Amino acid sequence: MALLEVHQLTKNYARRSGWLGARQEKCVVDRVSFSIARGETLGLVGESGSGKSTVARMILGLIPPSSGTVSFAGEEVISGASSAKLRTLRRRMQPVFQDPFAALNPRMTVAEIIAEPFRIHRHDGPGSTPAENPRELLAEVGLDESALPRYPHEFSGGQRQRINIARALALRPELLVLDEPVSALDVSVGAQIMNLLRHLQQTFHLTYLFISHSMPLVRYLATSIVVMRAGKVVESGAWDQICRFPRENYTKALLEATPELPHKI
């Protein structure tokens with residue numbers, strides 16, 4: 001059974017044409033469907049404005065869809081679930097956003113940032129938890145305990161993204177929604193974060209939804225790929241099928257638009 005299932009997901013936004021114009025609806029996500037098996041990575045790729053991030057926000061329950069469904073481990077995420085059930089489901093899926101500085105509260109120390117998910121979700125897991133051992137959690141993302149009393153502005157972009165990832169891992173989620181997690185970083189730092197994400201997936205058996213405008217980045221991590229354009233899915237399949245034998249000209253253009261990364265190991 002798939003861990004995450006997205007079925008016919010659609011999002012419309014209301015707008016007016018002109019100052020006193022008639023109310024119209026703009027469709028930004030149009031009947032998008034895909035699924036992700038446990039332990040796999042689905043790459044959702046497309047240019048800016050293709051609707052990728054809107055899909056991510058609907059999956060996380062941050063905005064409601066106009067129609068369609070999202071199911072996580074067989075449970076409805078958006079509708080048909082109680083508030084308590086939604087809290088449990090959301091604890092099992094965590095986001096890592098594009099801007100590593102904007103995602104961190106500048107008035108909180110790293111120790112407070114890492115503890116925040118436990119405060120929000122009132123996590124009372126048995127035994128030792130990452131919140132009780134923040135040094136261990138930082139070590140998992142390649143930082144040492146000297147980071148704990150410091151503030152976000154004291155770190156580089158790559159270090160801030162590692163802190164974001166540590167916070168996302170604090171509740172030991174099953175799914176990470178990675179929305180352009182390296183696009184704000186330079187190439188060498190971004191490559192380090194990509195390697196970290198691969199290592200964490202293998203260590204904790206994580207499932208990823210990896211969102212990017214860069215096909216080579218997606219190919220480096222993904223087991224399957226969904227290509228979006230103007231809110232619609234134009235092509236989908238296994239990573240090697242999409243990257244080696246793309247059917248659509250749009251997919252071919254995405255493959256040619258950015259530098260190559262090393263092939264999968």
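This section describes the fold, the buried cores and selected local features of a predicted model.

The chain comprises 265 residues, of which 48% are buried. Its secondary structure amounts to 9 helices and 10 strands. Among contacts with a separation of 6 or more, 68% are between residues 24 or more positions apart. No disulfides occur, the computed number being 0. Two cysteines can be placed by their accessibility: C27 counts as partly exposed because its relative accessibility is 35%, whereas C243, at 11%, counts as buried.

In soluble globular proteins, nonpolar side chains tend to be buried together. In the present model, the largest nonpolar core has 48 residues, and the members with the most contacts inside it are I165, M215 and I225. Apart from this core lies another, of 29 residues, which includes L3, L44, V70 and L209.

Strand β8 contributes L209 to this second core. All of the strand is covered: 6 of the 6 residues of β8 are buried, and the strand is therefore largely enclosed by the rest of the structure. In a regular strand the side chains alternate between the two faces of the sheet. In β8, T207, L209 and I211 lie on one side and Y208, F210 and S212 on the other, and both sets are buried. The strand has parallel neighbours in β3 and β7. The pairing of β3 with β8 extends over 5 bridges, and L44 is placed opposite I211 of β8. The pairing of β7 with β8 likewise comprises 5 bridges, with L176 and Y208 as bridge partners. Between β7 and β8 the chain passes through α6, and the resulting β-α-β crossover is right-handed.

Helix α6 spans residues 187-204, and its length can be checked against its residue count. At 1.5 Å a residue, its 18 residues should span 26 Å; the end C-alpha atoms are 26 Å apart, in agreement with that expectation. An α-helix has 3.6 residues a turn, so residues three or four places apart point the same way. The buried residues of α6 are G190, I193, M194, L196, L197, R198, L200 and Q201. The elements that cover these buried residues include the strands β3 (41-45), β7 (175-179) and β8 (207-212), together with the helices α4 (134-140), α5 (157-169) and α7 (215-221). Directly after α6, H205 adopts a positive phi of about 55°.

The loop between β7 and α6 contains V182. With a relative accessible area of 7%, V182 is buried. Leaving aside residues up to four places away in sequence, V182 touches G190, I193, M194 and L217. Of these contact partners, G190, I193 and M194 are among the buried residues of α6. L217 is 35 residues from V182 along the chain, yet the two C-alpha atoms are separated by 9.2 Å.

A contrasting position is found in helix α4, which contains A139. This residue has a relative accessible area of 52%; because exposure is assigned over 50%, A139 counts as exposed. A139 and A166 are 27 residues apart in sequence, and their C-alpha atoms are 9.0 Å apart in space.

Helix α1, formed by residues 52-59, is mostly covered, with 6 of its 8 residues buried. The buried positions are K52, T54, V55, A56, M58 and I59. The helix is followed by G61, for which phi is positive, near 75°. Positive phi values are thus found after both α1 and α6.

Strands β9 (residues 224-229) and β10 (residues 232-238) pair in the antiparallel sense over 6 bridges. In this pairing, R229 stands opposite K232 of β10. The two strands form a hairpin with 2 residues between them, and A230, in the turn, has a positive phi of about 50°. β9 also includes I225, one of the residues with the most contacts inside the largest nonpolar core.

Definitions and conventions: Residues numbered from 1 in each chain as written. Predicted model: local features only at pLDDT ≥ 70, side-chain atom pairs only at ≥ 80, totals over all residues. Heavy atoms only, no water. Disulfide = S-S within 2.5 Å. Buried < 20%, exposed > 50% of the residue type's maximum accessible area, 1.4 Å probe, protein only. Helix = DSSP H or I, 4+ residues; strand = E, 2+ residues; numbered from the N terminus. Expected span 1.5 Å × (residues − 1). Contact = heavy atoms within 4.5 Å. Core = buried A, V, L, I, M, F, W, Y, C linked by side-chain atoms within 4.5 Å. Pairing = 2+ DSSP bridges. Right-handed = clockwise from strand over helix to strand, strands pointing away.
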